[in-house]
Amino acid sequence: MEQEIFTTKINNGFSSNADIVEALKFPFGSQEQNALFKHANAIRKKCVGNNVYLRALIEYSNVCQKDCYYCGIRSSNKEYDRYTLPIEEVLKISQKVLDANITSLVIQSGERSSNEFVKNIEEILITIAKTFNNKFRVTLSCGEQTFEVYKRWFKAGCQRYLLRFETSNENLYNKIHPNNNLHSYAHRLKAIKDLRSVGFQVGSGFMIGLPTQTYSDIADDLLFLKKYNIDMVGMGPYIEHQKTPLYDMYGGCEMEELAELAEKFRKKNWSLEKRLNTAINAIAVLRIIMKDINIASTTALSAINSEGRRLGLLAGANVVMPNFTSEQYRENYFLYQNKPKIYTEDALTRINSECKQNNLNIKYNTWGDSNHFLNR
Ligand code: 5AD
């Protein structure tokens with residue numbers, strides 16, 4: 001009987017915060033979670049097909065004007081050498097991507113608003129289009145910019161943009177960012193709206209398991225994605241980075257020290273298992289409430305557990321983003337700890353086997369635009 005009530009809830013979709021919270025808490029491997037994933041998979045099959053799209057990630061630059069309390073490449077972190085890839089390097093990587101039969105690129109970078117940066121990105125977009133005869137669909141993930149800059153990049157040939165809102169809880173947002181104009185919640189939301197009005201396929205998302213974050217916050221985050229009619233989603237567990245203020249404030253979830261203070265704060269932290277399990281439940285719920293969007297099984301899932309990305313795919317994700325940044329730069333692009341250090345070739349082999357295990361087909365040489373965007 002209980003099972004029936006619960007199945008009805010899943011089948012009706014999740015419209016309330018309370019229903020979503022219930023699903024987010026389904027224990028790993030439980031009957032409820034299996035039913036949730038089964039339903040998410042049926043919807044995936046019907047609305048986006050049993051396909052997985054690959055996006056080749058290029059970490060263009062780790063120079064960042066922001067100072068987010070959770071992020072390893074925040075401007076105050078002097079630990080890393082700062083780099084910006086020369087355009088030749090971007091083209092070289094792009095050729096490698098094409099050779100791997102992938103035609104979708106994500107150019108990600110620390111945020112900068114200088115004219116020089118804006119111009120460089122514009123030039124890269126134009127050169128990639130020219131050099132490879134428009135074979136690539138390019139996605140940018142270069143932070144908050146003005147409407148005019150977004151328009152310029154759109155005109156230069158970029159049609160997709162990723163900008164996470166990190167958390168829809170404004171109080172929590174203010175806790176994990178410095179309190180200044182560069183880190184304004186209102187501006188972040190405005191930027192997401194600007195992207196939509198320029199005409200981009202808009203990607204967004206948030207972190208799961210931030211200190212003091214609640215299940216209800218996460219349910220709100222999912223409803224926020226729906227309210228903003230987002231086309232592509234990347235959401236993943238928050239993972240501590242030791243050289244960040246958020247770590248200093250709350251420590252890691254597996255801290256060994258038993259100091260009273262650490263103990264107190266530790267209670268505000270989510271265990272890594274809980275973050276991972278909540279993240280995969282969130283993917284399944286999102287597939288059910290926003291049927292035809294693209295959902296990434298993010299790298300942060302694999303940072304917790306080597307099976308993480310496969311579990312994300314099992315729950316209803318349909319996008320994977322193998323990292324194509326060359327080894328020499330990669331070690332300076334650590335947003336969080338435990339970021340998997342896997343050679344690109346090995347990563348592709350692994351993705352292949354994960355998809356096979358889940359009966360999903362990798363679509364090579366396909367742009368894989370968001371059906372949600374196309375159906376709009
Ligand atoms: N843990 C998980 N994700 C992180 N990001 C940044 N720092 C961390 C962290 N410590 C994510 C943010 C950002 C994206 C590029 O990386 O959500 O938007």
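These legends walk through several close-up views of a predicted model.

**View 1. The ligand sits among a ring of named residues.**
Which residues are around the ligand? They are Y70, C71, Q108, R164, E166, M207, P237, Y238, I239, L335 and Y336. Sort that shell by type and you get eight nonpolar residues, one polar and two charged.

**View 2. Y70, E166 and I239 each place an N or O atom by the ligand.**
Start with E166: an N or O atom in its side chain is 2.5 Å from an oxygen atom of the ligand. Next comes I239, where a polar backbone atom is 2.7 Å from a nitrogen atom of the ligand. Y70 also uses its backbone, with an N or O atom lying 3.0 Å from a ligand nitrogen. How much of the ligand does the protein bury? On its own the ligand exposes 410 Å², and the protein buries 86% of that.

**View 3. Strand β1 has side chains pointing two ways.**
In a regular strand, side chains alternate between the two faces of the sheet. Here, N51 and Y53 point one way from β1 (residues 51-54), while V52 and L54 point the other way. Are these residues buried or exposed? All of them are buried.

**View 4. β1 runs parallel to both β12 and β11.**
Strands of a sheet pair through backbone hydrogen bonds, either parallel or antiparallel. Three bridges join β1 to β12 (residues 361-363), and the two run parallel. Look for Y53 here, since its bridge partner in β12 is K363. With β11 (residues 319-320), β1 shares two bridges, again in the parallel sense. The residue to find this time is L54, whose bridge partner in β11 is V320.

**View 5. Seven strands line up in an open sheet.**
Read the strands across in this order: β2-β3-β4-β5-β6-β8-β10, with parallel pairing. Which strands are at the edges? Those are β2 and β10 (294-295), each of which pairs on one side only. Inside the sheet order, β4 (residues 137-141) and β5 (residues 160-162) pair over two bridges, in the parallel sense. Zoom in there and you'll spot T139 standing opposite R160 of β5.

**View 6. N77 is a loop residue that counts as buried.**
You'll find N77 in the loop between β2 (56-61) and α4 (87-99). Why does N77 count as buried? Its relative accessibility is 6%, and the cut-off for buried is under 20%. Setting aside neighbours within four places in sequence, N77 is in contact with G72, R82, H241 and K243. For a sense of scale, N77 and I43 are 34 residues apart in sequence and 43 Å apart in space, going from C-alpha to C-alpha.

**View 7. E89 is a buried residue of helix α4.**
E89 belongs to α4, and its relative accessible area of 10% makes it buried. Beyond its neighbours within four places in sequence, E89 is in contact with S326 and Y329.

**View 8. Helix α14 is mostly covered.**
How many of the eight residues of α14 (residues 308-315) are buried? Seven are, namely G308, R309, R310, L311, G312, L313 and A315. Their cover includes several helices, α3 (31-47), α12 (272-289), α13 (299-304) and α16 (344-357), along with strands β1 and β11. So β1, with its buried N51, V52, Y53 and L54, turns up again as part of the cover of α14. Just after the helix comes G316, with a positive phi near 135°.

Definitions and conventions
Residues are numbered from 1 along each chain as its sequence is written. This is a predicted model: local features need pLDDT of at least 70, side-chain atom pairs count only at pLDDT 80 or more; totals for chains, interfaces and linings use all residues. Side-chain values use heavy atoms; hydrogens and water are left out. Buried means under 20% relative accessible area, exposed over 50%, partly exposed in between (1.4 Å probe, protein chains only). Helices (H or I, at least four residues) and strands (E, at least two) are DSSP runs, numbered from the N terminus. Two strands pair if DSSP finds at least two bridges between them. Contact means heavy atoms within 4.5 Å. A residue is near a molecule or strand if one of its heavy atoms lies within 4 Å of it. A polar contact is a pair of N or O atoms within 3.5 Å; within protein, one must be able to donate a hydrogen and the other to accept it, and residues adjacent in sequence count only if both atoms are side-chain atoms. Accessible areas come from the Shrake-Rupley method with a 1.4 Å probe; for residues, only the protein chains shown count as cover. Ala, Val, Leu, Ile, Met, Phe, Trp, Tyr, Cys and Pro count as nonpolar, Asp, Glu, Lys and Arg as charged, and the others, Gly among them, as polar.
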